[in-house]
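I set aside this page for a protein modelled together with DNA, and I wanted to record what I looked up in the order in which I looked. The structure itself goes in first.

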Amino acid sequence: MNNFDIDTVMAELEKHFTQVRTPVVDQIQIQTKDPFKVLVTTILSARTKDETTSQAAKKLFEKVKNIDDLEKISAEELDSIIHQVGFHNAKTKYLKQLPSVLKEKFGGKIPSEIDELLQLPGVGRKTANLVRAIAFSLPAICVDVHVHRICNRWGYVQTKTPYETEMELRKILPERYWLTFNSYVVAFGQNLCTPRKPKCNQCPIYNQCARIGVKE
DNA sequence: AAAACGGGGGC
DNA sequence: GCCCCAGTTTT
């Protein structure tokens, strides 16, 4: 039934989903690993499509390249640039608060620890972990809805909340997979292992999966 | 624990 | 038109 083996699963995910899609921050990362840009992009990306986030971020970075630029830009202009991302009213507010919080608490530098990142406006656990992983190449497990759903579906964890999933994965997921896990699982979750009607008949790891909660 | 925030894309 | 969505904050 459930022959779940994380090495087999990761090998299959690498084989099938490396090229499919990467998080928007990875697209930005091609150009820079600048923690400021990674942080801003990641805040903008919350529950927003990558393509939309990417367009807004690129436009924004033409005018705003660092904390000082962000401090100077007016809320109106900022909003006009990022209006196409979802929740832009809240995100405009967060970005306007960001420079003062960074300067007062962290000496104007982007912090790399989770507890520090969580003090920034608009940054929750998912964003904090993603910034830590992408901008600083430090161990982090980024749990979004895909990771939470799929790890439970596999039977790899049995958890109620994304936070519990993160804590459990910290214990059982080999650290060599931490940086890539989210990208692969998200690509897998978008293309095959969708919330409803997953394409189990096409799944390369069908025999690894407990299919908990899957209606076929 | 539940509601609120929001525009974009698939069908 | 309707349904879904790579979260975080506020009530």
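The entries below cover the two DNA strands, the nonpolar cores, one helix pair and one lysine.

**Entry 1, DNA strand B.** I began by noting that this is a predicted model, and then asked which residues surround DNA strand B. I found Arg47, Thr48, Lys49 and Thr52, together with His83, Gln84, Gly86, Phe87, His88, Asn89 and Ala90. Sorted by class, this surface has two nonpolar, seven polar and two charged residues, and helix H7, which spans residues 88-106, gives the most to it, with three residues. Of the strand B atoms within 4 Å of the protein, I noted that 48% belong to sugar or phosphate, the rest being base atoms.

I then went through individual polar contacts of strand B. A polar backbone atom of Arg47 lies 3.0 Å from a base nitrogen, and an N or O atom in the side chain of Thr48 is 3.5 Å from a base nitrogen. At Phe87 it is a polar backbone atom that I found, 3.1 Å from a sugar or linking oxygen of the strand.

**Entry 2, DNA strand C.** I turned to DNA strand C, which has 24 residues around it, the closest being Arg47, Thr127, His146, Val186 and Pro195. Here sugar and phosphate make up 63% of the strand atoms that come within 4 Å of the protein. Arg47 thus appears in my notes for strand B and again for strand C.

Which atoms of strand C do the side chains of Thr127 and His146 approach? In both cases I found a phosphate oxygen, 2.5 Å from an N or O atom in the Thr127 side chain and 2.2 Å from a polar side-chain atom of His146. Gln190, by contrast, has a polar side-chain atom 3.2 Å from a base nitrogen of strand C. The elements giving two or more residues to this surface are H7, H9, helix H10 (145-154) and helix H12 (178-191), and H9 gives the most, with three residues. By class I recorded 10 nonpolar, six polar and eight charged residues.

**Entry 3, the nonpolar cores.** The largest nonpolar core holds 34 residues, and those touching the most other members are Leu39, Leu60, Leu70, Ile82, Leu95, Leu98 and Leu120. Several helices each supply at least two residues of this core, including H4 (50-63), H6 (75-82), H7 and H9 (125-136), while H3 gives the most, with six residues. I followed Leu95 outward and, leaving aside its neighbours within four places in sequence, found it in contact with Val40, Ile43, Leu44, Leu60, Leu70, Leu78 and Ile82. Apart from this core lies another, of 28 residues, among them Val9, Cys151, Trp178 and Cys203.

**Entry 4, H4 against H6.** I next asked at what angle the axes of H4 and H6 cross. They cross at roughly 145° and come within 8 Å. In this pair, Ala56, Lys59, Leu60 and Lys63 of H4 meet Glu77, Leu78, Ile81 and Ile82 of H6, a contact with five nonpolar, no polar and three charged residues.

**Entry 5, Lys58.** Last, I checked Lys58, which is found in helix H4, and asked why it counts as partly exposed. Its relative accessibility is 42%, so it falls between the limits of 20% for buried and 50% for exposed. Its C-alpha atom is separated by 33 Å from that of Glu12, a residue 46 residues apart from Lys58 along the chain.

Methods: Residues are numbered from 1 along each chain as its sequence is written. Chains are lettered from A and ligands numbered from 1 in the order in which they are written. This is a predicted model: local features need pLDDT of at least 70, side-chain atom pairs count only at pLDDT 80 or more; totals for chains, interfaces and linings use all residues. Side-chain values use heavy atoms; hydrogens and water are left out. A residue is near a molecule or strand if one of its heavy atoms lies within 4 Å of it. A polar contact is a pair of N or O atoms within 3.5 Å; within protein, one must be able to donate a hydrogen and the other to accept it, and residues adjacent in sequence count only if both atoms are side-chain atoms. Ala, Val, Leu, Ile, Met, Phe, Trp, Tyr, Cys and Pro count as nonpolar, Asp, Glu, Lys and Arg as charged, and the others, Gly among them, as polar. A nonpolar core is a set of buried Ala, Val, Leu, Ile, Met, Phe, Trp, Tyr and Cys residues joined through side-chain atoms within 4.5 Å. Buried means under 20% relative accessible area, exposed over 50%, partly exposed in between (1.4 Å probe, protein chains only). Contact means heavy atoms within 4.5 Å. Axes are lines fitted to C-alpha atoms, for helices over the stretch in contact, and angles run from 0 to 180 degrees between N-to-C directions.
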